[in-house]
Amino acid sequence: MTDIPAPEKLVGALSSGLKILRYLARSPAPVGVTRIAKDLELNASTCFNLLKTLVHERLVAFDESTKTYSVSLGLVELARGTLEKASYVRMMHPHLQELANRHNITTTLWQVSHGDRVVLVDLAESGSALRVHMNIGQRLPMYIAALGRCMAAHSGLTALEIRRKVSELRWEDGPSFESYMSEVEKVRQHGYAVDHGNYVKGVITVSSPILDSQSRPLMAVSAVGFSTQFSQISLQALCEDLRERCREATIAVSGGMVRKLWEN
């Protein structure tokens, strides 16, 4: 693993608190404050105050009878988001690969990130020599291309808010806002969106969203291929296949709370 360079100025209290958490996570049994301070070469009073803060934040548990500390389930709650995302990727990968093989395209899984962005967290490629190549970790604006229509359809934003966000996007051959909103409405009806070379000329992208229990967009699956490789029949088959897999994923991710998604 590549070392991450230290910032110009470290926050000492935060670094010490994280040292305590890592120490307790490695400890086979609860540990007292004196032992923790000695092993980590911390001032005893500082160590005690840090532990009290970590207990207050439910990241560390304190046993009153033994006067010892151990990691709390609050630490698991803190990591739950990352653990869930990893499990979603494992759940979806076989579907990505099957879609890629069946339709001879590249399939990608996008995770909603911060700042109106999505990040590519997984992909699968077909065995074709001619295919669209992408890199895991790549980021895109949330409302761009086919996946952007899917995000907009379930964003809860007003048309004016969507217009403001779409106006900031860069396309090779961007649609009019009226056309964009018409396609957003089709996502609500049919469960998928198609970008016919708007984002990148000569490339077709089909996307369908995966929603959480509040019907908010959590992820999106996109299938990417060159325009010349699709007929109207093969493109429609891809759209329906992708939609059904995302429907099943939404039901699983939402715990069955979201079932009726699209009209057809």
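1. Strand 8 (residues 203–211) and strand 9 (residues 217–226) are paired in the antiparallel sense over 9 bridges, where strands are DSSP runs of E of at least two residues and helices are runs of H or I of at least four, both numbered from the N terminus, and two strands count as paired if DSSP finds at least two bridges between them. Within this pairing, Val-206 stands opposite Ala-223 in strand 9.

2. The model is predicted, with local features requiring pLDDT of at least 70 and side-chain atom pairs counted only at pLDDT 80 or more, while totals for chains, interfaces and linings use all residues. Residues are numbered from 1 along each chain as its sequence is written, and side-chain values use heavy atoms, with hydrogens and water left out.

3. Strands 8 and 9 belong to an open sheet of 6 strands, which has the order 6-5-4-9-8-7 and antiparallel pairing. Strand 6 (139–141) and strand 7 (193–196) stand at its edges, and because each has a single partner strand, one side of each is left without a neighbour in the sheet. From one strand to the next the twist averages 30°.

4. Two helices lie across this sheet, with contact taken as heavy atoms within 4.5 Å, and with angles that run from 0 to 180 degrees between N-to-C directions, the axes being lines fitted to C-alpha atoms, for helices over the stretch in contact. Helix 5 (residues 145–153) lies across strand 4 (106–112), strand 5 (117–124), strand 6, strand 7, strand 8 and strand 9, and runs at about 145° to strand 7. Helix 8 (residues 232–253) lies across strand 7, strand 8 and strand 9, at about 20° to strand 8.

5. Helix 5 also takes part in a salt bridge (a side-chain nitrogen of Lys or Arg within 4 Å of a carboxyl oxygen of Asp or Glu), in which the side chains of Arg-149 and Glu-183 meet at 2.7 Å, N to O. This pair links distant parts of the chain, since Arg-149 lies in helix 5 and Glu-183 in helix 7 (residues 177–190), 34 residues apart. The structure holds 14 salt bridges.

6. A second open sheet has 3 strands in the order 1-3-2, again with antiparallel pairing. Strand 1 (31–32) and strand 2 stand at the edges with a single partner strand each, so one side of each is left without a neighbour in the sheet. Helix 1 (residues 12–26) packs on this sheet, touching strand 1, strand 2 and strand 3, and its direction makes about 90° with that of strand 3.

7. In the same sheet, strand 2 (residues 60–63) is joined to strand 3 (residues 68–71) by 4 bridges, the two strands running antiparallel, and Phe-62 stands opposite Tyr-69 in strand 3. These strands form a hairpin with 4 residues between them, and Lys-67 in the turn has a positive phi of about 55°.
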